Amino acid sequence: MKFGRYSPGFFAVAIVILVLAIATGLTKINNAVVAGIAGALAAIFSLLATILLAPTVERRKKRAEILSELHKGFRLARNGDLPKVRSVDNAVMLGVHKATPSRRGDGALPPYVPRDVDTELEAAFQASILIKGDSASGKTRTAYEFIRRTYPDWRIAAPVDGTALRWIYTHGPRLDNTVLWLDDLERYIRNDGLDQVMLEDLLVGGRGRVVLVATIRLVEYDRIVNGVPVGRPDGEQRHILHSARGVLENPDLIKLSLERKLSESEQDRAMQMPADDRILAALKEFPNMGLAEYLASGPQLVERWLLGRSLDNQPLGAAMVSAAVDLARVGWYKPLQSEDLRKLAELYTDIRIVALAADTAFDDALRWATAPVNATTALLEPTGQGVKAPDYLVDYAQRSTHMRPPRQLFSYLLDRVDSSAALVVGLAAYDLADPAMALRFHLIATRNLDHPDFGFAAANIGTLYYEGRNWRNARRWWRRAAEAGDPLGAMELARVTGDSDPHLSHILLGKAAAGGIGTAASALGDALRRKGNRVSAGVVLRRAASEGHVPSMCILGGVYAELGRIPKARHMWVRAMDAGSVLARINIATLDAMAGDIPAAVAAWEQLEKTPYFSIACRCQGVAALLDGRLAEARSYFERANVVTDWQSSVLLAYTLSCAGDPTEAVTWLRISRRVGMASARHGQEYLRKVLTGDWLAAAGGWQG
């Protein structure tokens, strides 16, 4: 609070001066009472001054803490404040790769070649975006140029890690009109960094008007979103999943892809730009290489690393690089010290080389690894309190099937990971090493029962045990995960309890569906639909369908169709078909046939002949020919449909053969239809009657999905 133009601090100082003057005057009077009054006045007014000054002192203390945190945890923070985007003229400070110097010796970045994705970026004004692509595909440069064009007067917050991000979210200044810059998003998605709650709060303006601009490498995006597939002892597809999956799947985070190589239109734009020998060389001399890849000297980095492994080159330095690369591959992003690199080098080179190496050999190796290639990126880049491997090398190793991290690397990390890191490393351990090591890291992640990712880790442990056919432990850990509120654990437990306890299975599927597991929603919705409880099925399926779960869209379309709401059913199936669903396409063709538009239905069935559902397509085309009196054509379609032998096609083929005067062959196919699923002769007769009266739903075998 201020009093006019003056702060409480001003009045506090004035009061202290006044009190000291009065007290000094009174103490000169030779009177004990007056002197006592003077002392009391001094004490009272000193206390008053302290109270008035306290807010000022507290504000200054908090300001000092903010200045310290901003300086320590944020790139480009100046004088304790976040800079404006327009003032950031050094893109390298935000993660853009240095460029190989031009022939004139100019090491500045070349002119920006507009990318096709720029149009989509412009359309995403004031929306949060995530650009995904290979390393050195130009993700960071594209994002940098985008914010320079779009948010020049906004401030930019570029935290160095997840801890700094968490601080500015919980304790930092309000982020009005701020670009939150997260280059290499996977480095921020940890328990101490970005999570679903923080992301949703930022997206809805809980911390001010904030736009998130992030990048991520494709290999990391795929691992986080899709998880790692595990063995299937029961034939069902299962995955162990990353706890940050929900962050990347947030529907309000716009995901855009950037190709490594320039498109034809991008190349045309590059050729029309002011001459830069580096751009021209990339386009003409290295047409199979991406522009950013060429400018960052990516291939030269790989060559230097691989050649360095030979005994007559720099095997110790190459070993240090290999260790840093593999640590990044498994999700260990902490800066590496020289002592760490010395220990890890033993895992990647002949032990005799390490034993005979002098102390100076390690120093020489580190200097070799940190020397820039073409004045751009080094094999080991300085960062924070140590070094790290460049992303280009990490992606190269990830794509190389023969470059597997040694198992001892995971052993090295076992004693160094905490609960948060253990889950990430465990996921990578399964992908890159073996299930046993993955299980050990996941067990570390569950040591802290109060850890936010306990349920997630427990669900993954259950899946790993299930892969090893340890059914008892799988069920036990899925139960623990479900009790901790993890939807994946609830879904997996529902799968294994469905036959023995359907009621419990439905409860668990409901919990999993409420937690956003689309597979659980589709399973529960389908079960309710089959029981005739279509209203409840619709409630369960609508949420999953609204979140883009395609199987739920297909089943929900079937619910609408059974309720007679054909337009809504068609709308839902069109959405699913646009998302790639073949089953939805079959259902739409059935609707066309039911509406009398046989040519449209036949055109769709012809396209479906090259899909796994070709038997349905052939059967329906056979029915169209049969109803039109084209027996030979109908027989051909039914014979093709019977390659996978379903009883409906067998019955129809038997009828067609009978009409064509071949009763012996017809009887043979009737017997086959009984063997492959026809319940009884009456059942077959009823089916045949429906088809012959133009029941296209019966011909297709019901709504698919």
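1. The side chains of Glu-266 and Arg-115 are joined by a polar contact of 3.1 Å (N or O atoms within 3.5 Å, one able to donate a hydrogen and the other to accept it; residues adjacent in sequence count only if both atoms are side-chain atoms). Glu-266 sits in helix H9, residues 264-271 (helices are DSSP runs of H or I, at least four residues, numbered from the N terminus). Glu-266 counts as buried because its relative accessibility is 4% (buried means under 20% relative accessible area, with a 1.4 Å probe and protein chains only).

2. A word on the basis: this is a predicted model, where local features need pLDDT of at least 70 and side-chain atom pairs pLDDT 80 or more, while totals for chains, interfaces and linings use all residues. Residues are numbered from 1 along each chain, and side-chain values use heavy atoms, without hydrogens or water.

3. Now to the interior: the largest nonpolar core has 131 residues (buried Ala, Val, Leu, Ile, Met, Phe, Trp, Tyr and Cys joined through side-chain atoms within 4.5 Å). Helix H13, residues 315-329, gives the largest share of this core, 10 residues. A second, separate core of 32 residues includes Trp-167 and Ile-224.

4. Trp-305 is among the residues with the most contacts inside the largest core. Beyond neighbours within four places in sequence, its contacts (heavy atoms within 4.5 Å) include Val-321, Leu-393 and Met-403.

5. Helix H31, residues 614-627, is worth a look: 12 of its 14 residues are buried. Among the helices they pack against are H29, H33 and H36. Just after H31, Gly-629 has a positive phi of about 85 degrees.

Technical notes. Buried means under 20% relative accessible area, exposed over 50%, partly exposed in between (1.4 Å probe, protein chains only). Helices (H or I, at least four residues) and strands (E, at least two) are DSSP runs, numbered from the N terminus.
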